[in-house]
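User: I am new to this structure and would like to go through it slowly, one question at a time. Please explain the reasoning behind each answer.

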Amino acid sequence: MGILRVVNLGVEVGERKILKNVNLYIKSGETFVLFGPNGSGKSTLLNAIIGNPTYRVVSGRIMFKKIDVTNLPTNERTKLGIGIAFQNPPKISGVKLIDVLRFCARIGGYTEEKILELAEKMNMVNHLYREINVGFSGGEVKRSELLQLMLMNPDLILLDEPDSGVDLENVALIGEAINELLERDKNAESREKSGIIITHQGHILDYVDADYAAILYNGRIACIGEPEDILNQIRNHGYEGCMARCLRNMNENSG
Amino acid sequence: MSEEYERELGVDTEKLKEVGIELDKSKRSGTFLLEDQETKTFASFFEGVEVMSIRDAMKKYDWVKNYFWKLLDRNQDEYTREADTEDVNGYFIRALPGAKVEIPVEACLYLKKAEKQKVHNIVVAEENSELNIISGCTSHPGVTGMHIGLSEFFVKKDAKLSFTMIHSWEPTIEVRPRTAIHIDEGGSFISNYILLNPVKLVQTYPTAYLEKDARVVFNSVIVALEGSTIDSGSRAVLRGENSSAEIVSRAISKGGKVIARGHIIGDAPEVKGHLECKGLMLSENGLIHAIPELEAKYPNVELSHEAAIGKIAEEEIFYLMSRGLSKDEATSAIVRGFMEIEIKGLPDPLKEAIDRTIEMAEKDLL
Ligand SMILES: Nc1ncnc2c1ncn2[C@@H]1O[C@H](COP(=O)(O)OP(=O)(O)OP(=O)(O)O)[C@@H](O)[C@H]1O
Ligand SMILES: [Mg+2]
């Protein structure tokens, strides 16, 4: 069964059209990896799915659990079960990490004890009473974002570069947490959680066995395939070379 | 306990709670309540602290008159001149040498029907003492008038004094505090000023004079709603070597006008001062004018300031909405965060009083 369906999506930021015609279909239990060069619009896509008003949907629609969420406010989408870990979350002075974790736990239906247990697990106990993201190191921001997601326990998990700038030990920690969130430890049939993971280097793929991957290029999604294959092609031929190859393959297959 | 007081005093205790006045012996080490010019009640529940009206203090101690007008100039302006009258009343609070009084003393100035309430307070923290005061100033609903409040603080050698003042007036009241603080060698003074409710006008500019190794911190959280004009600042004169000052203010305008002043004068070598002034504009009209001033009279001083005024960032609202908050809840959490200033060394009951005041005022800001 499909959990997310993005149809002919066009998104503008300011006067600029970033996404032209994006189509995406994710089944319940599936994890999808999105590659693409800097500035190609990967974060834009996730922001449009969660409903960031800065990213205006100008065409198409977003269906989540068969509901058209295109015009729903962000918190309604959160309640329906979409959760996001941001690439660059804002700092908010005076608002502490613990405050935000309590908001998240409200969504996930968790107690104060669970907050502490998971904070311990994500090695963020010493940050609970600090202002959120203020002076957090790169890795701390990633762990904090993931911790928030764990407390919201969403059905569709959007992860924007969870592994960028993270050291080897922390990639392992984050990788395990993502596996658990996405129920990758369960067998495929009983998985109910779905995800989109954006990554450049693909470090996270050493831990998370995703189902398939694609590249966002020129405002569109293309080159769908095995995550390892796509990553290797990008490594060997660059984005452009990779795109040329998959277009050729597509033509060969159809011809 | 408070009911008993209520019957006795005929005051609106809810109104008092809003400004941190509990009238509860178990939570305070002393209490003082002035209604217009009349002392309603006063008591000390702790050996090391004296609480009485300034009139009684003058009778009890011959030396009190030496403190009267010692730091303030009776000819400073028309308001000081006006308060220089026989009729003046106020509190006298004194921590005896070496006394450590962590539980706060509360002092309440209540404007009930007076056209002009004229107050003159003296606070003395004797050598090596520690004293915490919460002062709540408020007025009877519907009353029109002016509050002139003169206060002179004396922090003796190595003493520590914290003074938390919560104001809650009416849109028809004009408030003119005049405050001066002298901090002797090694002493410290922390002032917290909270003003969140509508008022016609507040104009205040307390000045602290610091001797060697003394320290002052002025924190203020000010909200100006439609129709309110608040001209509030803090000044520190660092005249002793190695003295330091920190002035932190948070100003919110929702239709009202705030002038947030700060002035640090480095009048001795090796002094340090920092001024931080942040403003948040919550509506299209209104005004925040930040005026930070630094003055150095010696080369080896370290004075700095930062000032920033803005509106709530959409990005922050969106971030909290992605964690399940509605737009209003997110806005309120951010405004709350903005008003949060980390106040070190303040006893818990005072932190609670400040939190409660902020919570009660929040509804006006949405
Ligand atoms: N809030 C914004 N304001 C202005 N321009 C924006 C904003 N967000 C994105 N853009 C622009 O949209 C384009 C796509 O940005 P986006 O962040 O989606 O790229 P990305 O694929 O996530 O890149 P990266 O790999 O660097 O994270 C970029 O050109 C970017 O400058
Ligand atoms: Mg991005």
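Analyst: One term is needed at the outset: a residue is called buried when its relative accessible area is under 20%, exposed when that area is over 50%, and partly exposed in between. The model discussed here is a predicted one.

User: Is A:C104 buried or exposed?

Analyst: The limit for a buried residue is a relative accessible area under 20%. The relative accessibility of A:C104 is 0%, and therefore A:C104 counts as buried.

User: How many disulfides are there over all chains, and which cysteines form a disulfide?

Analyst: In general terms, a disulfide is a covalent bond between the sulfur atoms of two cysteines. Two cysteine sulfur atoms are taken as such a pair when they lie within 2.5 Å, and by this rule the count over all chains comes to one disulfide. The sulfur atoms that are 1.5 Å apart belong to A:C223 and A:C246.

User: Which parts of chain A does that pair tie together?

Analyst: The disulfide is formed by A:C223 and A:C246, of which A:C223 is buried at 9% relative accessibility and A:C246 is buried at 14%. Because A:C223 lies in one element and A:C246 in another, the pair ties together parts that are 23 residues apart in sequence, namely strand β10 (residues 220–225) and helix α7 (residues 227–254) of chain A.

User: Why is B:C108 not bonded to the closest cysteine sulfur, and how far away is that sulfur?

Analyst: B:C108 is itself buried, with a relative accessible area of 0%. A disulfide requires sulfur atoms within 2.5 Å, whereas the closest cysteine sulfur to that of B:C108 is in B:C137 and is too far for a bond, at 7.0 Å.

User: What does helix α6 of chain A pack against?

Analyst: Helix α6 covers residues 168–181 of chain A, and its 14 residues reach 20 Å from the first C-alpha to the last, close to the 20 Å expected. Its buried residues include A:N170, A:V171, A:I174, A:I178 and A:L181. The buried residues of α6(A) pack against three elements of chain A, which are α5 (138–152), β7 (156–160) and β8 (194–198).

User: Which residue has a side-chain oxygen that reaches a backbone nitrogen at the start of α6(A)?

Analyst: The backbone nitrogen concerned is that of A:E169, and a side-chain oxygen comes to within 3.0 Å of it. The residue that supplies this oxygen is A:D167.

User: At what angle do α4(A) and α5(A) cross?

Analyst: Two packed helices are described by the angle between their axes and the distance between the axes. Here the meeting residues are A:K114, A:I115, A:L118, A:A119 and A:K121 in α4(A), with A:L147, A:M150 and A:L151 in α5(A). The crossing is right-handed, and the axes come within 10 Å and cross at roughly 145 degrees.

User: Which residues does A:S144 touch, leaving out those up to four places away in sequence?

Analyst: A:S144 has its place in helix α5 of chain A, where it is buried with a relative accessible area of 0%. With the sequence neighbours left out, A:S144 touches A:L97, A:M124, A:N133 and A:F136.

User: What is phi of A:N218?

Analyst: Most residues other than glycine have a negative phi. A:N218 is placed in the loop between β9 (212–217) and β10 of chain A, and counts as exposed at 54% relative accessibility. Its phi is a positive value, near 55 degrees.

Note on methods:
Residues are numbered from 1 along each chain as its sequence is written. Chains are lettered from A and ligands numbered from 1 in the order in which they are written. This is a predicted model: local features need pLDDT of at least 70, side-chain atom pairs count only at pLDDT 80 or more; totals for chains, interfaces and linings use all residues. Side-chain values use heavy atoms; hydrogens and water are left out. Helices (H or I, at least four residues) and strands (E, at least two) are DSSP runs, numbered from the N terminus. The expected span of a helix is 1.5 Å times one less than its number of residues. Buried means under 20% relative accessible area, exposed over 50%, partly exposed in between (1.4 Å probe, protein chains only). Contact means heavy atoms within 4.5 Å. A polar contact is a pair of N or O atoms within 3.5 Å; within protein, one must be able to donate a hydrogen and the other to accept it, and residues adjacent in sequence count only if both atoms are side-chain atoms. Axes are lines fitted to C-alpha atoms, for helices over the stretch in contact, and angles run from 0 to 180 degrees between N-to-C directions. A crossing is left-handed if the near helix is turned anticlockwise from the far one by less than a right angle, and right-handed if clockwise.
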